[in-house]
Each structure stands twice: as structure tokens, then as C-alpha cells.
Amino acid sequence: MSSQFSCYKIKFYQIIMNFIESSQQISVGVLALQGAFQEHIHMLQSIPKVSSVLPVRTAEQLGSIDALIIPGGESTTIALVAEHSGIWENLKEFVRQKPTWGTCAGMILLANEANNTKKGGQKLLGGLDIKVNRNHFGSQIDSFESLLHISHITSSPEDPFPAVFIRAPTISTINSLDVEILAKLENNVDETDASTVVAVKQGHLLATAFHPELTNDNRIHKYFVEQAINYIATRQNGKKEISLVDGNQNIQKPT
């Protein structure tokens, strides 16, 4: 009888642990209309807290995910394809409610304002209280790499992140105290100051001017997933926000 009871206890424990583990996983989509989306998918597949990765091309697919990455590419083209495919308004609604990370062109699309746009202007999803300069560093032949210290992600200056910049934008203006600066250039690049901001976070939105998916370092992807899990849990229960990065606790009202 005691052995049977012990068996039930083990099974019950396994069920509870499986439930806890599944509640700490999320499904992440990568907007797959144009650009470097496949590289993000490969990177996300290396993260245990990601239950599934989905290339997103339709409103139905967008509605099935917990968080989204908007990849690098050509921001004007991504916006045009999204509009023609009927997903643009769904994207605007998504980024206002759910965790979203924009890399390079994705950062441009998440900005509320943009300079150096093509003739006719640039459609933006918005959400980040920043102004960006498109293609600030020039053409693709002007691409470069820079070692960055990134708040919450790199543990020390001796452990920098290898950032890849390709036709990258920069942030020219930050228009809200709610925008947290995560990274600045460590060195001058041509006429660009070393203090130039290249990564920010505002609420559930994250943006990087560079391409983490083109490296072998998945720390920023892990950070985004952890922050997304934290944000979703906070909205669901309205309780204390627990940082999954450094263990600090902060009171945060759901937005």
C-alpha cells in the first residue's frame, strides 16, 4: 500500500513540475515577410523556455503567439508587404499589447518617429518613444562589428556582446523617461559618437540597432524571452514582477 502511495506521489509531483515548466515557456513568432527571419528562428530554437517558434505571415499566425520578433531587412518593404497582406493593423495592435523586439529595420518600425525616410515617408508601427535615423551608418559596405556592454545582459566589461551593424539605424532622440537605454557604442564609428544609443527597452518593447541573430551569442534572445515571460505573468496575475535576470523584485502595475 505504501509503495502504491509513493508511486502516486511521484506521478503527482511529475504532473506539478510539468505544469510549472510549461507555464514558464512561451511561443515566439518571427515576422517572416522579408529580411533575416530564419536566423532568429534558429537562435530561438536553442532556448529551452521557448515552447515553439513560428514564422509569422498571417493575422491568424500572429494571434497564436505570445511574443514577436521583427527582424532586420528593409523597413519600407516590410511595411508595404505587411499592408498588402492585410496584417499591418494586426501588427499595430499586437505591439501595443504583447512583448515585441525589433532588430535593425524592426527597431525603425517600432519607433514613433523616423528621419531619412524614403520619398513618400515611412509607415511605422510605433510604440517606442524614440526618433531613429534610418541607415545612419551608410550602405552595406559600411557594415561593422562592435563589442558592447548591454545592461542586464553582459555581466561585465570583460564579457561584451559582439554586435553586428548592417545598414544600421541609430536613435537620435529619446522622448520619454520610460525608455531605458541598454547599450551605447563603445567607440567612435566614423563621425558617430561612442555614446550613440543602439539598444533600448520601454515596457514590453525591446529594440536593437544591430543584428544579434548573426552571431553565435544568444544572450539577448534569452533576455527577450525571459522578459516576455515575466511581462505575461505580471499581466495575468497583477502580482510582484520578479526579474528573471538578476532576481530583483519590483512592484509593477499591469499596463
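Start by selecting T103 and showing what surrounds it: setting aside neighbours within four places in sequence, T103 is in contact with H40, I70, P71, G72, T208, F210, P212 and E213. Keep in mind as you click around that this is a predicted model. Several of these names will come back later in the tour.

**Stop 1: T103**

T103 sits in strand β4. Is T103 buried or exposed? With a relative accessible area of 0%, T103 is buried. Now add G72 to the selection and look at its backbone: the nitrogen there lies 3.2 Å from a polar atom of the T103 side chain.

**Stop 2: C104**

Move on to C104, in the loop between β4 (100-103) and α6 (105-110). C104 has 4% relative accessibility, so it counts as buried, the limit being under 20%. To see its surroundings, select G72, I166, R167, A168, P169, T208, A209, F210 and H211; C104 touches these, not counting residues up to four places away in sequence.

Here it helps to bring in the record. The UniProt annotation "active site", from an unreviewed entry, covers C104, H211 and E213. Colour these three residues and turn the model. Why can they be said to gather at one spot? They span 110 residues in sequence, yet no two of their C-alpha atoms are more than 11.0 Å apart, so they come together in one place. From this set, C104 is part of the lining of the largest cavity.

**Stop 3: H211 and E213**

Next, centre the view on H211, which is found in the loop between β12 (205-208) and α7 (219-237). H211 is buried as well, with a relative accessible area of 5%. Leaving out residues up to four places away in sequence, H211 touches G72, C104, V164 and I166. Show side chains and draw a distance to E213: the side chains of H211 and E213 make a polar contact at 2.7 Å.

**Stop 4: the annotated binding site**

Now select G73, E74, S75, R134, I166 and R167, which UniProt lists under "binding site" in an unreviewed entry. These residues are spread over 95 residues of sequence but cluster in space, with a largest C-alpha distance of 13.1 Å. The lining of the largest cavity includes G73, E74, S75, R134, I166 and R167.

Two of these residues are worth a look of their own.

- **E74** has its place in the loop between β3 (67-70) and α4 (75-84). E74 is buried, at 11% relative accessible area, and its side chain reaches the backbone nitrogen of T76 at 2.9 Å.
- **I166** lies in the loop between β8 (161-165) and β9 (170-174). I166 is partly exposed, with a relative accessible area of 23%. I166 also appears among the residues that C104 touches and among those that H211 touches.

**Stop 5: the aromatic rings**

For a change of scene, hide the loops and look for rings. How many aromatic pairs does the structure hold? There are 4. Select F144 and F165 to begin: their ring centres are 4.6 Å apart and their planes are at 5 degrees, so this pair is stacked. F144 lies in strand β7 (residues 144-148) and F165 in strand β8, so the pair ties together parts that are 21 residues apart in sequence. F144 is buried, with a relative accessible area of 16%, and F165 counts as buried at 1%.

Keep F165 on screen and add F210. The rings of F165 and F210 have centres 5.5 Å apart and planes at 55 degrees, so this pair is tilted. F165 is in strand β8, while F210 is in the loop between β12 and α7, so the pair ties together parts that are 45 residues apart in sequence. F210 counts as buried, at 0% relative accessibility. Add F161 to complete the picture: ring pairs link F144, F161, F165 and F210 into a cluster.

**Last stop: the nonpolar core**

Which residues touch the most other members of the largest nonpolar core? Of its 67 residues, they are L68, L148, I150, F165 and F210. Highlight α7 too, since the largest share of this core, 7 residues, comes from that helix. In soluble globular proteins, nonpolar side chains tend to be buried together.

Before you close the viewer, return to F210, which is in contact with T103, your starting point, and is also touched by C104.

Notes
Residues are numbered from 1 along each chain as its sequence is written. This is a predicted model: local features need pLDDT of at least 70, side-chain atom pairs count only at pLDDT 80 or more; totals for chains, interfaces and linings use all residues. Side-chain values use heavy atoms; hydrogens and water are left out. UniProt positions are given in the numbering used here, feature names are shortened, and annotations may be inferred rather than shown by experiment. On a 1 Å grid over the protein atoms alone, a cavity is a set of points where a 1.4 Å probe fits but cannot get out, and a pocket is an open set with protein on both sides within 12 Å along at least five of seven lines; lining residues have an atom within 4 Å of a point. Helices (H or I, at least four residues) and strands (E, at least two) are DSSP runs, numbered from the N terminus. Buried means under 20% relative accessible area, exposed over 50%, partly exposed in between (1.4 Å probe, protein chains only). Contact means heavy atoms within 4.5 Å. A polar contact is a pair of N or O atoms within 3.5 Å; within protein, one must be able to donate a hydrogen and the other to accept it, and residues adjacent in sequence count only if both atoms are side-chain atoms. A nonpolar core is a set of buried Ala, Val, Leu, Ile, Met, Phe, Trp, Tyr and Cys residues joined through side-chain atoms within 4.5 Å. Rings of Phe, Tyr and Trp (its six-membered ring) pair if their centres lie within 6.5 Å; planes under 30 degrees apart count as stacked, over 60 as edge-to-face and the rest as tilted.
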